[in-house]
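User: I'm new to this and would like to learn how to read strand pairing and chain contacts. Could you walk me through them?

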Amino acid sequence: MTVAARPAQIRTEAETALAGFLAARPEVQNGPAGEAQRKAAGVFALKGLPHRRVEAWHYTDLRSLMREAWPLAAASASAKAPAREGLRVMIIDGVCAVLPASSPPGIKFTALRDAMASGGGTFAAQLFPDIGADDSPAALNAALARDGVVIEIAAGVKADAPIEIHFTTSAGAPRSEYPRCLVIAGAGSSLTLSETHASAARVQRNSALVCWLSEGAQVEHVFHTGDAAPEQHIATLLGDIGAGAGFQSFALVAGGSLLRRQCFIRQSGERAKIGLRGVSLLKGKQHADTTLVIDHAVPRGESRELFKHIITGSASGVFQGKVLVRPHAQKTDGGMKSQTLLLSGEAAMSNKPELEIFADDVVCGHGATVGQLDTDQLFYLMTRGLPKAQAEGLLIEAFAREAIEFVGNGDLRESCAAALTRWLETLN
Amino acid sequence: MNKSMLEIRNLHASVGGKEILKGLTLSVKAGEVAAVMGPNGSGKSTLSYVIAGRAGYEVTQGDVLLDGESVLAMAPNERAAKGLFLAFQYPLEIPGVTTHTFLRTAMNAQRRARGEAELTTADFMKVMNAASGKLGIARDMLRRGLNVGFSGGEKKRLEVLQMALLEPRFGILDETDSGLDIDALRIVAEGVNALRTKERGFLVITHYQRLLDHIVPDSVHVLSAGRIVKSGGKELAHELEKNGYRDYVADAA
Amino acid sequence: MAAVQETVDRVKSVDVDAYKYGFVTDIASDKAPKGLNDDTVRFISAKKNEPLWLTEWRLDAYKRWLTMREPDWAKVHYPKIDYQDLYYYSAPKSTPGPKSLDEVDPELLRVYEKLGIPLREREILLGVEGAGTRVAVDAVFDSVSVATTFKAELAKSGVIFCPISEAVHSHPELVKKYMGSVVPVTDNYFATLNSAVFSDGSFVYIPPGVRCPMELSTYFRINEQNTGQFERTLIIADKGSYVSYLEGCTAPKRDENQLHAAVVELIALDDAEIKYSTVQNWYPGDKDGKGGIYNFVTKRGDCRGARSKISWTQVETGSAITWKYPSCILRGDSSRGEFYSIAISNGRQQVDSGTKMLHLGKNTSSRVISKGIAAGRSDNTYRGQIFAHRKASGARNFTNCDSLLIGDTCGAHTVPYIEARNPSVMFEHEATTSKISEDQLFYCMQRGLSGEEATALIVNGFVRDVLQQLPMEFAVEAQKLIAVSLEGSVG
């Protein structure tokens, strides 16, 4: 194999290290999966890490935020964790370490490494969709993905209990990992998916979750990253939502010094409903970026987004949301809202809600507000005897609760609310 | 005055490929108030929209003539200029366009189409103030966006105000009583009655007889399944009020 | 303005193809050689008999321009411009410097008459007596200002209103102090190009405490073929003063594209207020996108003083490509910026326009109302930035941008950047995209309006908030212009 000249975009120490990871990948399988991974590596080689002048990364300059690339987590370092009750998958150091001991009929769990061992086989096209494919960090995950989990729900199967995918690391030296997971929901199936992130070491995690919803499938996804969050985390969600399907995703973000959560959701069938919501609780020097691209490719889709940021310390938040309505995607109904509370003098927020519309018979709108607590409300509560701090706490909690209420699963909703309360307590 | 003013001949019309009117024949003379009554889904609103020329209402057979001239090939505004007025069941809201501006624009558009001189602002104000006073429409309502934030009663009164100002040859009232309390109904009916002349015809479309206590019709026609199934005098309305539409629905089926 | 009446009366049944101001006037002109180099810059400077400092200022700008790249982030597409294939200076031959209107080429006066802009004060007085207002006009033809009216009367109240080429000589201290202080020479590619080759434009200075006794107006006309227009406007409102300024633009119909890269700088000192209104009606090209003006303009206001206020109102119906973001730097405490915009695109037009409100001082406020209307095969983008600096405590912004689509072959886009670096800010942004409903159209048509009249009426309702910001004379003209530019957009 000849060594190609280093492309101009690979400049920094981190980029050089990442290019090294790509070059040192074990011989890629032939077949469609290998092909897709080679293509993704090409995207990264061409673009490098995104920076300020890349519009979608304007507020999160990864090239300067990611000074170095920590070594890839060694596959052998994966620890075995005891299997727990319930449908829980554990991804440790990027390796699928635990699968549920038994699974209900119609639900199938496969470690991604096993699924890919045969060249990706039937999964390849779904594992590497052409959604968000020119985003270089997402491409990096695609190129370096070696393990994760594939979850298949057969048509018509309704999973009662939530399925959890828990990502963590073993203790030890700093490392980086690129897990990738795939969920395939058959026609008319329904499931609740909980995605939780933690780590026991300094980690750069670049994770991806790909969801395919066939006609009429209903999926609720709850993403939670909290106290022991990865230090640097890029979490990509790719979704393809079929006709009449419903996809609801909620994210509770608290913790980690750098988080970029990006969702690329494509509505590929008519009358699909997409709901993306979240609460970001930021303090200290945290930087959290939520970026959404909702692609209404066909008519009669509905999308709703609601994101709340509460920012204190010298933390900074970013919300970018693009609603794209393609030509002929008539009767699209889109509504996006971003609301931010800034609680300290050094807190910062950047909002970029975007509409890109090529069909005339649509109703789309967005709203964004940035501000402080309502002084009238605060006053009212205080006249009723609440101390200022408590009154503030109450109002902040109510502000965030409005989004949390959208979590459909009761247990997950309660655990999000509890995490909010815990976070608020740390402020006092 | 035996010539018919509005003549509907064997009208077949469909919406979205589904036939709603199935051979409707009806004739209204100048000076006559004809009531069309019918149960839900009989085609009442379709009839008003077809006469006014709303897009998507396809006439597959038959004709509609005003003063002996077919209107089917005309655009809605051309029909309006010929003197056809439809009081909508659900008047539209148009934000940012004041009622005042809308009325003047519409009056002048029609005058222009008929080759008449446009009204000066002063003349327009005079006419409008007089007419709105009669209907109890407050001045500040005219300065607001057209129908924006108006109550059901206010919207209907405004429809009648428009009719008074535009002085149509023929007025169609589509379920004008829906959503009105008894006081609002009386005001609206008085407004309509004031416009009754020997030269002007009306088609009053309604589900209930109560409107016809206030606007007493010369003839009553029962619409069922897209056709006129019975015609008679005003006593027919009372009969319907007593017995309901049951007999006619059965007949049609 | 007499232009109003003419627009009203004569513009009937025109579509994008039948642009009203598309006539070409045959006037002998004095041109710089084609192309751009040091000598072109010196030629322009010499033509204006400029002082050395300005020649050097221009040459410095040119040198920097050579190192810059044409911006490509806007949602507009056009073939690469060959900057060596343009004329950078063109002046009607009988000028420069007519001492009075009697010396102005009569052919030129007729051009402005045809455009509805009378330049003889006597005629202006006759023409607008009924309206009860007077407007002082600076007429810029290709590269030079050909006439400025009411100068004497304005001078009585201390107002300076003259071509900038004249101000360089008569008020060098003001020009030197303020030119380039709002839009730095290297601000962006087109502003830097303008700094090197700007030809003429208006200069306004309102002394402290003076309320300018009449509306000031500049009327821009591009006539020559292959000629770029690079005017530069500088308006200074000293403490406690007020001025309302109007700008109108037209150009002939030509098959090739013409470049317009202007720079407008506004400075408002303590308690001063500047109201700047534009009705931009450059030739938009024909319905297939052939010809038309490339309108790459840098407009920025600096609310330098406490409690100062700058308000931009624009009605954009022309140009093949519009790239402009009239902005406010809210530097003075309690200063206020406003941006009201109607941007209409039809045919193959591309509009990428919006504003920047940069909150730097304390308790500053801003308001942005943008109404974009896309028809035909056009693309219409609102791009706006609201920024509050860490020290901008109490900053307030309200933004509303609505888009309306007419037909399914056009695009409407909203790209706001909302950046808060201070916790006591209150930023509110809302945006909607919708269409004119069939039901609304039918309702209006049932009352006798034609499809186009109904569309125009509904659109006028849609843009009403912005129209109300325009001075009366302009509002009427703008309303008619909206109807005209949407003709042919309804099936």
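User: Which residue is the bridge partner of A:Cys364 in strand 24 of chain C?

Analyst: This is a predicted model, so keep that in mind as we go. The partner of A:Cys364 is C:Thr433, in strand 24 of chain C. That pair sits where strand 20 of chain A and strand 24 (residues 426-435) of chain C run antiparallel, joined by 7 bridges.

User: How many residues does the contact take from chain A and from chain C?

Analyst: People often describe an interface by the accessible area lost when the parts come together. Here we can go by residues: chain A gives 31 and chain C gives 28. On the side of chain A that touches chain C, strand 19 (348-357) and strand 20 (363-371) are the elements giving two or more residues. Strand 19 of chain A has the largest share, with 10 residues. Sorted by class, that side of chain A has 16 nonpolar, 10 polar and 5 charged residues.

User: Now a strand inside chain A: is strand 8 mostly covered or mostly open?

Analyst: In a regular strand, side chains alternate between the two faces of the sheet. Strand 8 (residues 190-197) of chain A is mostly covered, with 6 of its 8 residues buried.

User: And which strands does strand 8 of chain A pair with?

Analyst: Strand 5 (residues 163-168) of chain A runs parallel to strand 8, with 5 bridges between them; here A:Glu164 stands opposite A:Ser194. Strand 10 (residues 218-225) of chain A is also parallel to strand 8, joined by 8 bridges, and A:Leu191 stands opposite A:Val219 there.

How values were computed
Residues are numbered from 1 along each chain as its sequence is written. Chains are lettered from A and ligands numbered from 1 in the order in which they are written. This is a predicted model: local features need pLDDT of at least 70, side-chain atom pairs count only at pLDDT 80 or more; totals for chains, interfaces and linings use all residues. Two residues are in contact if their C-beta atoms, placed from the backbone, lie within 7 Å. Helices (H or I, at least four residues) and strands (E, at least two) are DSSP runs, numbered from the N terminus. Ala, Val, Leu, Ile, Met, Phe, Trp, Tyr, Cys and Pro count as nonpolar, Asp, Glu, Lys and Arg as charged, and the others, Gly among them, as polar. Two strands pair if DSSP finds at least two bridges between them. A residue is buried if 20 or more other C-beta atoms lie within 10 Å of its own, exposed if 12 or fewer, and partly exposed in between; C-beta atoms are placed from the backbone.
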